[in-house]
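Work through these short exercises with the structure open beside you. Try each task before reading its solution.

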Amino acid sequence: MTNPGSFTMLHKSEDGRFMYVFVALNASIIGWKYCYPIVVVDGTFLKSSHRGTMLTASAQNAAGKIFPLAYAVVDSENDASWEWFFEMFRQAFGERERMCIVSDSHASILRGASIVYPEVSHCVCIFHLWNNIKKQFKKNHDWLREVFFAMARAYKIEDFNRLMQDMDSVDKRVRGYLFQVGYEKWSIVHSTINRSMVMTSNIAESLNARNREARELPIMSLLDYMMNLVMEWNNTNRMTAMSTFIGVGKKYHEVLKENSYLSQKMTVRPSTDYVYVVMDAEQRRNIVCMQKRECSCKQFQVDEIPCPHAMAVLDYTHMEAPKYCSAYYTKEYFKKTYEVPVNPLPDETSWDLPTEVLDNVVLPPIVKGKPGRPTKSRRKGLYEYLYTETVTCGLCGACVRY
């Protein structure tokens, strides 16, 4: 089942019952070309009468805001549903160079992504990974947290190794656990793909927070809500993009300001027209090559935005910082992301549906009952038991308790 404004697929069971539905709006498919190629996926429970789970995929625009890509309703988070979701996503969006998938550690997500996107790197949200560490290792959480997040964000292998030794001094068991997860899935320095500054699945969590109340709606109403939400966000961000006067999106403009502040006490010494030696406040030597957009601290090439050492060079040479940022952070890409609008649907009474759609009967899914014996009557609260009274019926003389 498809329509001109979206890529929509419906999957039924052999007996004609609803199983899955996938939606990717045309505006999202085209706009994703101008977003950093990192896809954040997540699943969240539905609370309607048929329950189920909503799966989502999102990216970030040039301002660092959520850019919803696709959403689906499935029976639950399992191997079959996630593999189907990724298969539909591939049909709608394809595969991009330097593409990366970020999620929590759900086993079905990892398996589904590896089957459909075997050549695409899959990274784990460091906050979800930290929560798993906190549950398994009950020792010095405050110190362990500080070391873990510093280690995940380390740009140089020597810094990573030093921090790992610090972690060993707290709890040696954590090293084995992180090795089993795979360093490349959560550590910047070990990553096989450049995922820039996206270390978490926070944008997926933010999307789930926004649609919390809508998850109680029937499936058709939920899908309508999601389309209207994407339409609202696209229009708001399009207006923001058209009115912005800075060279990069707001989030990355703030990063440049912070890096510029950190560069104020640094000393710059030119070696060539494009290679510079930058001495920081601790008199550590850093080599910056503006032509290659590289710094010996590794931050410039990983984040694809001038690090503090590069900002010191830019200040020294009076060059513009946006010129040395990734195109995915720029005002131009911000505008292009929202060139295609989300077309609203007309009232259902005016729809002209083809025969194959009208004849496509979809039966409701079979809902599994909740575990345990069902309650036969409403459970009274403590207040009701404490303040009940006994009266006598005037007709039969029996006692009536209420």
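**Exercise 1: A charged patch**

Helix α4 spans residues 126–136, and Lys134 is found in it. The model is predicted.

Task: Find which residues gather with Lys134 in a patch of positive charge on the surface.

Solution:
- Start from Lys134 in helix α4.
- Check its exposure: Lys134 has a relative accessible area of 34%. That makes Lys134 partly exposed.
- Patch residues need over 30% relative accessible area.
- Now name the partners: Lys135, Lys138, Arg145 and Arg153 gather with Lys134 in the positive patch.

**Exercise 2: Cysteine pairs**

Task: Work out how many disulfides the model has, using a cut-off of 2.5 Å between cysteine sulfur atoms.

Solution:
- Recall the bond: a disulfide is a covalent bond between the sulfur atoms of two cysteines.
- Apply the cut-off: the count comes to zero disulfides.
- Take Cys123 as one case: the nearest cysteine sulfur belongs to Cys100 and is 3.5 Å away, and Cys123 is in no disulfide. Cys123 is buried, at 1% relative accessibility.
- Take Cys297 next: the nearest cysteine sulfur is that of Cys295, 3.5 Å away, and Cys297 is in no disulfide. Cys297 counts as buried too, at 12% relative accessibility.

**Exercise 3: A nonpolar patch**

Task: Locate Trp351 and name the residues that make a nonpolar surface patch with it.

Solution:
- Find the loop between α13 (331–337) and α14 (355–358); Trp351 is there.
- Check exposure: Trp351 is partly exposed, with a relative accessible area of 34%.
- Add the partners: Leu345, Leu353 and Leu358 make the patch together with Trp351.
- Note the area: about 380 Å².

How values were computed: Residues numbered from 1 in each chain as written. Predicted model: local features only at pLDDT ≥ 70, side-chain atom pairs only at ≥ 80, totals over all residues. Heavy atoms only, no water. Helix = DSSP H or I, 4+ residues; strand = E, 2+ residues; numbered from the N terminus. Buried < 20%, exposed > 50% of the residue type's maximum accessible area, 1.4 Å probe, protein only. Patch = residues over 30% accessible without salt bridge, like charges linked within 9 Å, V, L, I, M, F, W, Y side chains within 5 Å. Areas by Shrake-Rupley, 256 points an atom, 1.4 Å probe, with all protein chains shown as cover. Salt bridge = Lys/Arg side-chain N within 4 Å of Asp/Glu carboxyl O.
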